[in-house]
Structures are given as C-alpha cells and as structure tokens.
Amino acid sequence: MITLTDLYHVLTAVVPLYVAMILAYGSVKWWKIFSPDQCSGINRFVALFAVPLLSFHFISTNNPYAMNYRFIAADTLQKVIVLVILAIWSRVSSRGSLEWSITLFSLSTLPNTLVMGIPLLKGMYGDASGTLMVQIVVLQCIIWYTLMLFLFEYRGAKILITEQFPDTAGSIISFRVDSDIISLDGKEPLQTEAEVGEDGKLHVTVRKSTSSRSEIFSRPSHGPHSGVSLTPRPSNLTNAEIYSLQSSRNPTPRGSSFNHTDFYSLVNGGKNMSSVSPRHSNFGNLGFDEESGMGAFGNGQRANGVYGQGNSDQGSGYPAPPSAGIFSPATTGPGTKKKGNGAEGGKDLHMFVWSSSASPVTEGGIHVFRGGDYGNDLGGVAHPKDYDEYGRDEFTFGKPGTNGAEGEGPTLSKLGSSSTAELRPKGSGKDEANPTSMPPASVMTRLILIMVWRKLIRNPNTYSSLFGVAWSLICYKWHVEMPAIVAGSIAILSNAGLGMAMFSLGLFMALQPRIIACGNAVATFAMAVRFITGPAVMAAASIAVGLRGVLLHIAIVQAALPQGIVPFVFAKEYNVHPDILSTGVIFGMLIALPITLVYYILLGL
C-alpha cells in the first residue's frame, strides 16, 4: 500500500527537476535574463559536456556482470513487438508509411530514462531501480538510438535515390559519399554524379552542391526590383532579431542551393553575365512564383500550376525561399561525358542537386544529447501565420506530403534523352502504385552504415557510453578503482548534468510559441501512445518473460515516462514529424509526474 510518506519521497526526488525547468522557463519568458543566443551557448555546454559526463558516470558505476537479464529481455521484447507491428502495418495498410512507423516507435518505446527516469524510479522503488534504469540507458544509447539513426538515414537515402533516379535506381551498384557529408537528412543541397560503367550499371558519387552558399538572400524592403541584400538574414525562428550561430555541419541558418551567378541570371534574365561570373547559370530559363515559392521551366507560361518569368511583377527576379527543394541538372561542362555518337569510354555522367524542405517547427531544436557538429542555434517557428496553418492540418496517417509535417514536395523526372529535369507535384506523373525500384540491399546497407557511422563518431554520447561500458567491464572484473583526480574531474561536471539538462529543457520550452505544436487532436493521440500504449505493451512483454512483483511495476512505470529528448533531436534533424515529438517532450514532461504517480499508486494497491 502506498503511503503519504512514499509519495513525499517521490516528490522530493522529482520536484527539484521541475524547479530547474521552471526557473529556466521564467528566465527567458518572464524575466528576459537570457537571450536566445545565450540559450544556445547553455545548450551547447549541456550537449558537449554535462549530459555525456552524466551518462558516463551512471554507466561506469553500473556493474555489467550483475545485470538483470530478464528485465532487459522484457524491455527488448517490448521494442521488438512494436517494430514488428509497425512493419506489418506499413506493408499491408495504405495508411502505413516509414515516417509514421519511426514516429510511433519513438513515442511508444523510447522514454526519457536518463534525465527523468533514474531520479523518479529511485524515489519510488529505491536505489535498485536506479541500477535497472542505467541498464536501460546503456541499451538505448548503444542499440536503439543507433537503430533510429539507421531508419532515418534509410529514409534519407530512399528519398534521394527516388527523386534523382526514378527510373534507373535498380541499376545502381555502388555509392561513394564525400567525407564532408555526414548525413542524408536533406538539409544541405547534395549533388549526385551517376557514371555508367561498361556493364551498364550506375556508379553514384554524392557530394555537397557547388551552388551552396554561406549567404542567405533576403528581399529588400524597398520593393521587388530595387536590389538584393547579400547580408545574412536575421533569424525569425524565435521572433528575435539575432543571427543564427553557424556550425561546420550546416554553414547557413537554412541551406540554400542558390549561388551568385544563378541568382543574377534570374534577376537579369541572363544578361550581362560576364560582369558577375564567367560560368553560366545552370538553372536554365527558370521562373519563380512569389506566392507559392516554386519554380517552373518556361518563358512566362504556366507550367505545373506555377508561373514562370514574364512581364508580371510576380516572380521577376525574386528567388524562392530556401525551404523549397531545388533540382538543378548540370548538363554541360568540362566534367560531363557524352554517350552515343560522341561516346567517350562508354560512360555517361549526370549531375543533380537535391535538398529537402526545412521544417517549419523548431529550426534549431533542443541540443541535449547533441554532438558538436550538429548545429548550435535555438529556434522556434518561421512565422506565426505559417505555424497556425501548420498546426491546423488534418491529422492523417500517410506518405510524406499527406499531412502538415512534410508537405507537398517536388519530384524529379527525366525528359526524353536529354539530361534535364522538371519540377512537378508528387503523384502527377508516375503512378505511385508502381514505386521506384531500389538498389540492391547490400548497396543500400553499405551506404546507410557509412552515414550512421559518420553521425555516431561526431556525437559525444557515443564515446561516453562506450567508454563507460569499457571502464565498468574493467573495474568490476579486476576491482580497479578510478584515480581520485580523474573521478573528481568527472564528478564536478556530471553532478551538474541532471540539473543542466532540465534547465536546458526549460529554455527550449520558453523559446517555443506553443507548448502543443502539432494541434490538439494529434497531441491527444501522441500522449495516448506515449502513456497508454507503451506501458501496455511493456506490461505484456514483462509478463511474457516472467517479471512479477516490484520488477513488473518498475518496468511499467518506466515505460510511462515522458518522451525521450534524443528521438526529438533526430526527428528535427530529418524533418520527420518534429512537431509531434516536440509536443511529446514539452507537454509530456508537464503531465508526466501526475501520470506516473497514478501508475505508481494503482500498481501499489
């Protein structure tokens, strides 16, 4: 029977976490102590030092030779059950999709165990439950977050291949990715070069687009024809006039696929190009519609519902927003090899530029658990109007482009025998019932593993988890103690990790225009998955492996913890329902304490 003393112990362990979160929220929202760029610095400290050292501390002090394998089996079985159900659903249901499968897996199986779970479960069931939570943390960091990365990179690779090689993807037998590309998340414009070998197979090279610039073009306030500003655009992500901090991963607040030459070719119609650059624009005769932000090939005529350049003021020299995907084929130049009558070695080279649209939600995101090269700017939404429209989208399952999370995007198709491309709405040409064939599984797997490896080696939590496991194996095998000077150096920062993680979460909450970012209907569904479906599957899995008594209670309560922060960071990175995961983190954190207390009381009856 749960007594008032037991409830007091739980509140004693958890309320200080909420105090740190509320203080951070008030520091930005009410008292204006911290500016958004200062919040970015705090989050960066948390991501690079506090949380990795906190993770190392917990993992290195856990005895790996005394792990509860039945408890671990229950946690693993829960995730396997959810994965199998989602895989079947995505295959047999017309509403199923990889994007929704990833999101639902995150919501139902990946709670905030490190920051919220350890202190909460210790307050409820004692120090032994904290040891079990550390074991869950080890599995999450090493196995499940890596699996999430694999799924996200598979999605990015699939989109890249489908849009750039809609008819010839099955002929690709190798990928080479330049070393400066660490992800296929689509935020940076990527250029692919497909070389046809003697056997008729494609050898694809992926590199950063040469048209990617460090400047963001912004429309001047004097009018559409008065000039162009080449200064960085102040960030409007948090309604604060600040400049987004740069990182080596994404050198612009939003990766743009424009360059100076291409821009002036749009403004001047290709005139006086010698005064700008000797290289001609590879955009061709491309016009832009100011309202839709999309481009079309043509001479002032309407194509695919978009007006090209003409006498109208609309689209005359004003570039599309950087969030619009640009597919730019480079059909001529010194690197182009011809085939057919002018064959050179029997090889043909095609070059395309690919980038996905940026998310309208939380451009910078929260950077807890985030590596040094993953960006360091905090953000909100692009514009209140866009945000309201985004939040009111109808809640449906489906492929990307069927709801507000992804939106309609362009697809790429080859025209005849020439290496040109056109932008067209999805579903307007190729029948979706006949999807693009993918390269062989071994080729796709190698590509994805390369990208996942590059992400992992840039994440400090990867090293903290591996070093923690390695030290615990040595320490508890040969009873070696860590030198006091090393232990003290780690402890002074790891002790601050828990409070700083909650403080960082409070800063993130304060910078958002809404706590519920995805709309009430979607939020209700997400919370039901997080706090009902997850614990229910965990209870079934725990009973199946033979957990009873207190262990069963611990398993169910930890499954009812709020949404984990790392899945949200991934969702934001890859633009897969970031609004839903943001709501799961923020709103889930606010309602988690009463919900977990209800589970605690009901299980204790």
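Which residue in strand 3 is the bridge partner of Arg 176? I would like to begin there, and the answer is Thr 205. Please keep in mind throughout that what we are looking at is a predicted model.

Let me first place that pair in its sheet. Strand 1, which covers residues 172–177, runs parallel to strand 3, residues 202–208, and 5 bridges join the two. Strand 3 is also joined to strand 2, residues 190–196, this time by 7 bridges and in an antiparallel arrangement. Within that antiparallel pairing, Leu 190 stands opposite Lys 208 of strand 3. Strands 2 and 3 make up a hairpin that has 5 residues between them, and in its turn Gly 200 takes a positive phi of about 80°. As a general reminder for anyone following the side chains on the screen, they alternate between the two faces of the sheet in a regular strand.

I now turn to two threonines, each of them in a helix. Thr 103 belongs to helix 4, which spans residues 98–109, and because its relative accessible area is 2%, under the 20% cut-off, we call this residue buried. Leaving aside residues up to four places away in sequence, Thr 103 touches Val 576, His 577, Ile 580 and Leu 581.

The other threonine, Thr 583, sits in helix 15, residues 578–604. Is Thr 583 buried or exposed? It counts as buried, because its relative accessibility is 0%. Its side chain reaches the backbone oxygen of Asp 579 at 3.0 Å. If we again set aside residues up to four places away in sequence, the residues that Thr 583 touches are Ile 515, Ile 516, Ala 517, Cys 518, Ala 523, Met 527 and Gly 588. Between Thr 583 and Gly 519 the C-alpha to C-alpha distance is 9.2 Å, although 64 residues separate them in sequence.

Finally, a word on confidence. The protein chain has a mean pLDDT of 73, with 62% of its residues reaching 70 or more. Over residues 357–394 the pLDDT stays under 50, and for this stretch the model has 144 contacts beyond four places in sequence. Residues 400–433 likewise have a pLDDT below 50, and here the model shows 80 contacts beyond near neighbours in sequence. How should such contacts be treated? Where pLDDT is low, the predicted coordinates should not be read in detail.

How values were computed. Residues are numbered from 1 along each chain as its sequence is written. Side-chain values use heavy atoms; hydrogens and water are left out. Helices (H or I, at least four residues) and strands (E, at least two) are DSSP runs, numbered from the N terminus. Buried means under 20% relative accessible area, exposed over 50%, partly exposed in between (1.4 Å probe, protein chains only). Contact means heavy atoms within 4.5 Å. A polar contact is a pair of N or O atoms within 3.5 Å; within protein, one must be able to donate a hydrogen and the other to accept it, and residues adjacent in sequence count only if both atoms are side-chain atoms. pLDDT is the predictor's confidence in each residue, from 0 to 100. Two strands pair if DSSP finds at least two bridges between them.
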